[in-house]
Protein chains: 2
Amino acid sequence: MNIGQAASASGVSAKMIRYYEQVGLIASPARTEAGYRDYSPDEVHMLRFIRRARDLGFSVEQMTNLLALWSDRSRASSDVKRFAMAHVVELERKMRELRAMADTLRHLAKTCHGDERPNCPIIEELSSGHEAVPPKPKRASSRRYGAH
Amino acid sequence: MNIGQAASASGVSAKMIRYYEQVGLIASPARTEAGYRDYSPDEVHMLRFIRRARDLGFSVEQMTNLLALWSDRSRASSDVKRFAMAHVVELERKMRELRAMADTLRHLAKTCHGDERPNCPIIEELSSGHEAVPPKPKRASSRRYGAH
DNA sequence: GATAGAGCTTCCAGTGACTGGAAGGTCAAG
DNA sequence: CTTGACCTTCCAGTCACTGGAAGCTCTATC
């Protein structure tokens, strides 16, 4: 199976497959005489695993760990569960940050008339208000991922 | 006011201030004879505005628009409100994606015993299951921002 | 057998929003 | 006059890709 077929069979693009190989997430596959990558059914299976893990928001580094857990026949199911739940906690932390942003913005927008006049509490609050997202103790938060 | 003072007065780090200047979000400030950046109170005020907007998840490009709305005395408040609400919609879209991931993962984890035995439905589902995030019609979704 | 076009190869550059660090100039205090 | 904090510029790295150029290979059609 060449890379294009492996891509459509797994749902991971050819570009991404090469990238994952480059960063060491997956091993280099066999090559045909012409130098084309040649994937076995097992490797395609692994690519599908990777795709699902990525859809669940796991990073490449975390997928490395997941693949290790997958192939480790002696690990306990609690190891997997702990890993999964740690990720759930992280996802929920990000959700809370997004929710705080949306709530603040909705609150500001509610007080804005939204008519043809220039007076706007949203801008005024950003311009001279107190903290933008008030109910947030002094945690060292990460942000990042606001909008692209 | 030099960059360090502007940074602590605005909550935007010196590195970020230079970056924002570099990418054109803010104009180059005056310089002292020695070449130090010298910020006026108005510029510090703008930096605070930027900080609040960033805390609400606006990108640099969006902040450019917000600054334009801020300084445009003739724009209607509806322009600002529309912009804000579009961002709320985007934030909510991201929240839904995160929630779908977390829900799927929690569901998988619930069926996992989490004991010392190797048998684990989480891994099994990733390995051979159907779609990872099932109740999702064929939208062209963006993912990205799973975990860093 | 020639040729077209799809698909493969490698490599380099860019994305967004920073962060870290090196090399060197400046300023205020002791 | 020295120390150390602060400023300057510039370059590289982060994360997970994506786009594109240049060139080789494969398959189908004429």
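This report looks at two matching protein chains, a DNA strand and a pair of cysteines in a predicted model.

## How to read the model

Local features need pLDDT of at least 70, side-chain atom pairs count only at pLDDT 80 or more, and totals for chains, interfaces and linings use all residues. Residues are numbered from 1 along each chain as its sequence is written, chains are lettered from A in the order in which they are written, and side-chain values use heavy atoms, leaving out hydrogens and water.

## Two matching copies

Turn chain A by 180 degrees, with a shift of 0.0 Å along the axis, and it lands on chain B with an RMSD of 0.1 Å (a least-squares fit on C-alpha atoms of residues with pLDDT of at least 70 in both). The copies are thus related as by a two-fold rotation axis.

## Around DNA strand D

DNA strand D has 21 residues around it, and Lys15(A), Tyr20(A), Ser59(A), Gly4(B) and Arg37(B) are the closest (near means a heavy atom within 4 Å). Of the strand's atoms that come within 4 Å of the protein, 68% belong to sugar and phosphate.

Now for the phosphate oxygens: one is 2.5 Å from a side-chain N or O atom of Tyr20(A). A backbone N or O atom of Gly4(B) lies 2.6 Å from a phosphate oxygen, and for Val60(A) the backbone distance is 3.2 Å.

## The cysteines

There are zero disulfides over all chains (a disulfide needs two cysteine sulfur atoms within 2.5 Å). For Cys112(A), the nearest cysteine sulfur is that of Cys120(A), 3.6 Å away. Cys112(A) counts as buried at 2% relative accessibility (buried means under 20% relative accessible area, with a 1.4 Å probe and protein chains only), and Cys120(A) is buried at 1%.

Key:
Buried means under 20% relative accessible area, exposed over 50%, partly exposed in between (1.4 Å probe, protein chains only). A polar contact is a pair of N or O atoms within 3.5 Å; within protein, one must be able to donate a hydrogen and the other to accept it, and residues adjacent in sequence count only if both atoms are side-chain atoms.
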